[in-house]
Structure formats: structure tokens, C-alpha cells
Amino acid sequence: MIKTEKVLHLKSSKGRKVRVVREHYVREQVPCGSSICPAGCPNNGKLLSSDVTHYVVPDVGVVRDFLEILEFRELQGVVFTQTAYQIVQHTRGRRHYNRLRALLKDPRHDCVLFANEFQQDCYCPRDKGESQDKWHTRCVYHAAVWYFNHLAGLRPVVMLTEDCDAISECSALNSGVYVISTQEYLKSFWPDLQAAQDLYNSIAQTLQERESEGVEKVYTEHLPAEVLEAGIKSGRYIQGNLSVNKHRAQHEAFVRYEGSTSKNTELNSDVLINGMKHRNRAVHGDVVVIELLPRNEWKGRTMALTEGQGEERSQEDTQSQPMPTGRVVGVLQRNWREYVVSFPPLEEVQSQSRNSQKILVVPWDYRIPKIRISTQQAEALQDHRIIVRLDSWESTSVYPNGHCVRVLGKAGELETEIQTILMENCIHVPPFSEAQLREMPVNTEENPWQMDSSEVSSRRDLRDTHLVFSIDPKGCEDVDDTLSVRPLPGNRLELGVHIADVTHFVREGCLTDLEARSRATTYYLADRRYDMLPSVLSADLCSLLGGVDRYAISVLWELDAESLDVCMVWYGRTIIRSSYQLHYELAQSLLNGEEVEVPELAQLKGSQRDLKLAELLQALETLTRVARHLRAQRDKGGALELEGVEVRAQLDEEKNITALVPKQPLEVHETVAECMIYANHWVARKIQKSFPHQALLRHHPPPKQEFFSHLIESAKARGFSIDTRSNRALADSLERSVDPQDPLVNRLLRMMATQAMSNALYFSTGACAEEQYYHYGLALDRYTHFTSPIRRYADVIVHRLLIAAIQLEKEESQIKALASNKELEELAQHINNKNRAAQHAQTQSTELFQCLYFRDKDPQKDERCVADGVIYAVRANGFLVFIPQLLQYTLHWILSGLDFETAANSKHSSKAACWGKEEGSHLANSGFASLAAG
């Protein structure tokens, strides 16, 4: 090891240049990260593939400006130098740096980090008078030459740079080391990768036109990081997430703060950010720092439904009571993502591009401001949706600058709209790679999968002792869970919940596991689904199908047959064979005593069939009795019975929507749900006891009281009183709020209560106080997700924790936890984000198909376009309506010169859109209207 000095010229937070001299140690042995290394480097972890024809070494400028190109998985054998890595860390901000880190960590991308700064033959001190950019380029070139020589010329090395001088100077210096531009590399080595070439052209054009629009500032500068940090600590400033009102995106945004240290005792709600000036270049989703305005400048939420409507009314009429109002003084974290946009009308495009190729495009998400991009294809792509990324938003620019990534498709086409929904929710579900599929077991007619004899001997075999059956939606392929119930000697019952043992097939850290972790859930849309696991597992070997042997993880309770109290519980790995694969309607018909055919009994006749049917019916009835008891126990604790909203789009073979079908509630739904809740609760208790600080649980925080105002005032309008002080009080109030003459009233109130709820979230037990473990909606002190590992990654983690807890109990010795508290909490946040995205995507896809259903129908002639509705809120320029037939309760109807009475009796509406709870409301007495559903 050799000691030397490294001189750095850094810029302080206040903009001053600082010269820093640091000790720097270089050594001969530094891992190269190549799988074909002939020198025997101590390579650990990720290695470059040996299948590539060459290695690629991008210089600092390419990594800084064209990282998106290097993210294409087709580009393999990429060697990132420490020089480029550190420059990105110090100059491009946290978001860009985190993307580079994620790229290097991801085993699906064939790239490594080479510590050239610590390799003695690569380290290059800066020459006197040499510019920093030239020095960095020289460091990367030396690293490329060293890499080629180190591998004894086994692979040529291509250095990518945008420095024309470097290309001309270095191209012929060393045979086997080629110095070319990124554009030339893509054209020569990847001529068929058109998406990468288009992206390069878009970024290059944006870089050329990045010069400022002018020197006059449109917005105030953000405060330095140390000033923001000090202000947050002192309580002067408030940190939180910016949430823009999508119906008044130009005027209203709110900062939702968590655990703020602000000393202002008046802050009992979100802080209003009024207008774009006060928003100061912050974008929806950013983590911002705000300063409260003087109290005399506070404003209220606007009661008009959308911008441009009801503006003729006075401010007093259109605003609620003044609330804390502030302005953004800094952005701590940019949460920019890829945005789907479309071009403005052709006349606007022609006007904007007359003297420049810069065009203002309109995001699909109304909460995002218009984005300025450089393109020469605006007219050709007039009716298309494209994807853009934000690059910057300077204080001298009215709008942020970005660049085009790729064209998504023609607007209005089903596939384009579906891909738009996925992209807007940050859902990326490429086909499973060949490497991932190679990890999967084989199960074909020629080579059927068989259980391993050693695995069979290590599990509890339930195939001949238990009547196991599943109850799922009709046509379900990914059967996660099955049930069993049987009498035991001594006046006892055994209840069993048996869950697919996904962890047997998906080992932690394998490529399939990493892909499942990235997806976090299966995404269900109106016309399709995107599985978390490959189909050989999700629809076959892990699916607990009828009549086949499957691995499972089971929870078995021994219950008193009369009181149904738990006498004993057993957890472990099992082998099961499901005897019946029932769907909900069939199971409910059996319980109702109806004459229906069970497919598994179709081949049996006479007494044998009757005996089997009686056995199945007895099990279903016993299961129903147990489930009723479990529900009653939770009801005593304050469990809420809320009204869900689910409308299914019925499709024909060509995926054309033929009808909108509301889900019909059945008691058997609740029976299965109660058994799953019970299993989740007991597994949560088990893993939390074994791993007090490193277990993955799920809690449901109590909702904010202001979210109940809508519910309370609507109930008051019908003569009911709602107590929201606790879940038990709320449940009792809803139970009493029944109008015998109008059953819709209680249904609507329960839907409003559901809308007021906060989201249930996963968390690591080491990150929360024990009193925060409580699940408000289910009234349980411990809860997790264990019962759906085929479609939820959280359940996979819980399965691993449960198996580790069982091993810990058997071996009576400490077992290393599967993940640290910090790692588990980060993973929990990732899963929470993906689950939220999945819910939004499912809702938006259903709304898309509802639009398609009504698109070609005439509301004056087609009776399907007319439905009864309940007006449950009145605003400054419109009202909100619940349509029972479609289970739509968040539609609002804009009034255009009509008074409420006229509009309420009209079969036409000028516009309809979704309305979120964050908007607040001013309620009036409910009324009824016959409204056009289209």
C-alpha cells in the first residue's frame, strides 16, 4: 500500500471554492469484478458476465448525462469507475446518485464498480493547470487501459465519452481500447436498439438547449441545505410532503407533515400552499420545507369543484374557514419520476415552435405542471402519448425542463391507456427473464414435477387425515389458501389454514426473489393481471389446486367444540391435497341447501356421492359457525364493518366490455375472510414474540378526526349522530344509523366511513412503539399478512420469519434474523408504495373500462345510461353524487349556468370527475336525482 495526497477543489454550500488536501492510499490488489480475470483478483459479490464480446467504460460526462442509456439491460459488461461514481455523487444530487447505486446493486444489470482511484497503476494525480474535466477523462482512460491489460486482452474495452478532443487524442494510443462517442457506440454495436438511440437524441438535444431563458428570476431561490436543517430543528420551518389538488392544480397544494417539530400550536391540519409562486418550483410528491405566512395572509380551501368554475362568486362564498398557509423555501428531496404527457393542440404547437423546437407538453397527471421539452416531432406525434423525464427547474424558468424518453402509443387506444396507467403509478412489469425462468422447476407432460423424498419426510403429511378445500372467486388460478375443519376426540375441533409454501421454491436472494421483491405484489387490472411470480409457480406448483399434492405452511388450532376457545396452536410445513376447489357462489349455494353440482363429485353415484357431499357440507357449516364466533369476538373489541366498493367490468372474448357488475356480498366471503384474519393474527403474534425488533407486521392507524366531518354532517342531515372517538364508538354509531324506509342511507354512511380511513401499512416492529401495532379497523393488537404469498411479497417475508421462529423454538438457540430492523423498515416502505400503486392502478383501469362502456351510448335513448343517484354534498359550483347501481360515490357534477334544482332533475351533466377526501367539503341535506350515468 502506497500513501499519497489527493487535492480536491470543492464548492461549499455557500458557493465558495475550497481546496482540500487528503491522504490517499493506493494498492496493487483491487478487485476488477470480471468473471474472466486471469490474475486471480479477490472478486466477491457481483461479477461481469463472461458472455459479452467487449467491456464498456463510460467516462464522467456519460455517466452524469446519459445514465438512462446505461440502464438498458441490453447493454452488458459495463464498468463504472470510482471517478465517475464520486463525481455523480457530488454534482448530480441524491436522486441521480441513488439511481446509479441501484443500478450497481441490481443483479439483473451486468455492471460493476471498479475502484480505479485506489489501484496504484490507475491512480492519476492532477497535472498543474489541467482542467478538472480533462483530469477526470484521463483518469477514466487510464482505468480502461489498465482493465484491458489486466485481462490480458481477453476482451476489447470501449471507452465512451462526449469529449471530442479525447476521442481524437486517445483513439489510436492503445490497440484493444477504443474511445468513441455514445452515439457512435449505439449505432455501431446496437443498431437495432432504436429506443436507446431515440433517447440519446432527446437527451443530447435537451443538453444543447439548456441555456437559461433569461436572467430575470421568476421564483425565489431555495435556501441552502444547512439553513433549512437549522430552521426545521428550531421550529421555524416545517418539513413535509407536497400534495397538489388535482382539481385545482394551479392554485392549491397541501403539505402533509409527519412528526413536525414546529412550535406553532395552531397546526392541527395540513398547511395550504396557495398559488404557483408560493409553491416555488416544488412538484407533487416532493419533500419540501415550508415557512408559515403571517396569520392575516392565511386562506381557506376553495369550495369550487374545479378551476374556472364558480369564479364569479365572492371569496367568502367559495372558500372554507382560513387554515394555516405557507410558502415553500426549499426542496429536500425531488421525487421526480417518468411522466406520461401529450402535445397541445396543433395550433399551439405551431405557435410555440415557430422560433424554437421547445414545446410545452401537458402531463396526464393534472397535478404536474406543463413540461418544456425539445423535439422536432411535435406535429407527427400530435395524437400520441409520450414519456418524459424532468431534468431541471431553474428559478428563471416558468416551467420545468425535461426530455422525451420514448413514445408510448396512440392516445385513446386500449393498450396505450393501460400502459399509461402502469407508467403513472411507477409499475414496471417486464416479462420474466430467461435467467429467472431457469431457476424455476420444470413441470411438463414429458417431465412432470415430483416431490423430493427428503422434503416429504421433513413435513407433516395431512393428505390422508384432513379434508382440505379452497373457496375462491370463479376461475381463480393462483390459489394461495385452503381450509380444513374436523372433529377431534375429547369434544374438540381442529381448524386449519393451509397456505402455499412459496419460500420452498423461491430462495432468498435468487433472481426470482429479487424480481418479486421489486414488484412487491401481483397487479390486477380490469382486463388482465401481472403476476409477482412466474406462472409455473403462481398458476401451477404453488397454487393449491384440487386433487394434486402440494407443499404448504399450515396453522392448526385445537378448539373447544362448545366455547371455541383455543386450546393449542401448531405451526409448520406440511403436505396437503385439496379435495375440493370451490368458488364462492357454489359454496354459498351448498350452505343455502340448494341443489347444485360439485364438479369433484360428478363421477360418483348413489350413497358414495351423498356421503361425500354430506361430509363437505358438514365442514362448511362448522367453518361458518367458527367464523361467526371469530367475527363476534372482534366486534366486541370494536371491529368496523365498512362498505367496500367493487365493480367488475364484464368482458367478452375480444375484451370488449359488455356490462358493469357490482360485487354481490355473500356470507361465505366473510367466512373465508375471518379464517384468513385469524391466521394472520396468530402468525403476527408468533413472529413478533420470536423477533421483537425485526418482525414485519401491519398496522392501521386511527384516522384523523377532520376526515370524519363529511360523514358526521351527512348523518346529521338524516337525523343520526356519529361518534368517532374510537373504533368501537364508530361501529356502534353506524349500526344505529339505519333508516327502515331507505336502506341506502346506512350503506352510503359506511362508504363515507371507509373513505375517511387511513391506509393500513406494513412496518418493522423495531421502528414503532408497541402501542402503535394496533389495527384500528380489525380491532387486533397484532396483525400481519401471511395468507397470500403467491401475490404479496410481504407474505413471503412473513413465511421466512415464521419458519425461522419455528427453528428457533426447536433448536433453543439464537438464529440470525433474516434482516435488520433498518433493512426491514426500508423494505416495508417499498411494499407500502407498491401496494398503493397497485390499488390506484386497479381503480383507474376500472374507471377506464367504465368510460369505454358508456363512450358509444346515447344517454337519451339508452336506459343503461340513466341511474338513480343520491346528492350527498353541495359545493360552490356543483354537487357530489352517489350512484348505487355503479357503487360510485366520488363523482361530482359541474353546474354550467344551472341552479341546483334544475340540474338535479336533468338527465345530462357537463362533466364528471373523481373527488378525494383531501379536498374537504361543505355538506347540505341529501337529496335524490335521476342522473345520466354516462
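A closed barrel of 5 strands, running in the order β8-β9-β10-β12-β11, is found in this predicted model, and its pairing is mixed. From one strand to the next the twist averages 55°. The chain that carries the barrel has 934 residues, of which 52% count as buried, and it holds 27 helices and 35 strands.

**The barrel and the helix beside it**

- Helix α9, which spans residues 225–234, packs on the sheet and touches β8 (237–244), β11 (287–292) and β12, while its direction makes about 105° with that of β8.
- Within the barrel, strand β10 (residues 271–274) pairs with strand β12 (residues 325–333) in the parallel sense, and 2 bridges join them.
- On the β10 side of this pairing, Leu 272 has Thr 325 of β12 as its bridge partner.

**Strand β6 and its neighbours**

- Strand β6 (residues 157–160) pairs with strand β7 (residues 177–180) in the parallel sense over 4 bridges, and β6 also pairs in the parallel sense with strand β3 (residues 55–58), again over 4 bridges.
- Residue by residue, Val 157 stands opposite Val 177 in β7, and Val 158 stands opposite Tyr 178 in β7.
- Towards β3, Val 158 serves as the bridge partner of Val 56, so that Val 158 has a partner in β3 as well as one in β7, in keeping with the general rule that strands of a sheet pair through backbone hydrogen bonds, either parallel or antiparallel.
- The connection from β6 to β7 includes helix α6 (residues 164–170), and together the three elements make a right-handed β-α-β unit.
- Both faces of β6 are covered, with Val 157 and Met 159 buried on one side and Val 158 and Leu 160 buried on the other.
- In a regular strand, side chains alternate between the two faces of the sheet.

**Helix α3 and its cover**

- Helix α3 (residues 82–91) has as its buried residues Gln 82, Thr 83, Ala 84, Tyr 85, Ile 87 and Val 88.
- The cover over these buried residues of α3 includes the helices α1 (60–65), α4 (93–105) and α5 (132–150), together with the strands β4 (78–81) and β5 (111–114).
- Just after α3 comes Gly 93, which takes a positive phi of about 90°.

**Leu 748 in helix α24**

- Leu 748 lies in helix α24, which covers residues 744–756.
- Its relative accessible area is 7%, and because the cut-off for a buried residue is under 20%, Leu 748 counts as buried.
- Leaving aside residues up to four places away in sequence, Leu 748 touches Val 870, Tyr 872 and Phe 882.
- Ser 714 is 34 residues from Leu 748 along the chain, and the C-alpha atoms of the two are separated by 9.4 Å.

**Cysteines**

- The structure holds 0 disulfides, and for Cys 122, which is in none, the nearest cysteine sulfur is that of Cys 124 at 7.4 Å, whereas a disulfide would need the two sulfur atoms within 2.5 Å.
- Cys 122 counts as buried, because its relative accessibility is 1%.

**The chain as a whole**

- Among contacts in the chain with a separation of 6 or more, 68% are accounted for by residues 24 or more positions apart.
- The accessible surface of the chain comes to about 44,400 Å², and carbon and sulfur atoms account for 48% of that surface.

Terms used:
Residues are numbered from 1 along each chain as its sequence is written. This is a predicted model: local features need pLDDT of at least 70, side-chain atom pairs count only at pLDDT 80 or more; totals for chains, interfaces and linings use all residues. Side-chain values use heavy atoms; hydrogens and water are left out. Buried means under 20% relative accessible area, exposed over 50%, partly exposed in between (1.4 Å probe, protein chains only). Two strands pair if DSSP finds at least two bridges between them. Axes are lines fitted to C-alpha atoms, for helices over the stretch in contact, and angles run from 0 to 180 degrees between N-to-C directions. Contact means heavy atoms within 4.5 Å. A crossover is right-handed if, with the strands pointing away from the viewer, the path from the first strand over the helix to the second runs clockwise. Accessible areas come from the Shrake-Rupley method with a 1.4 Å probe; for residues, only the protein chains shown count as cover.
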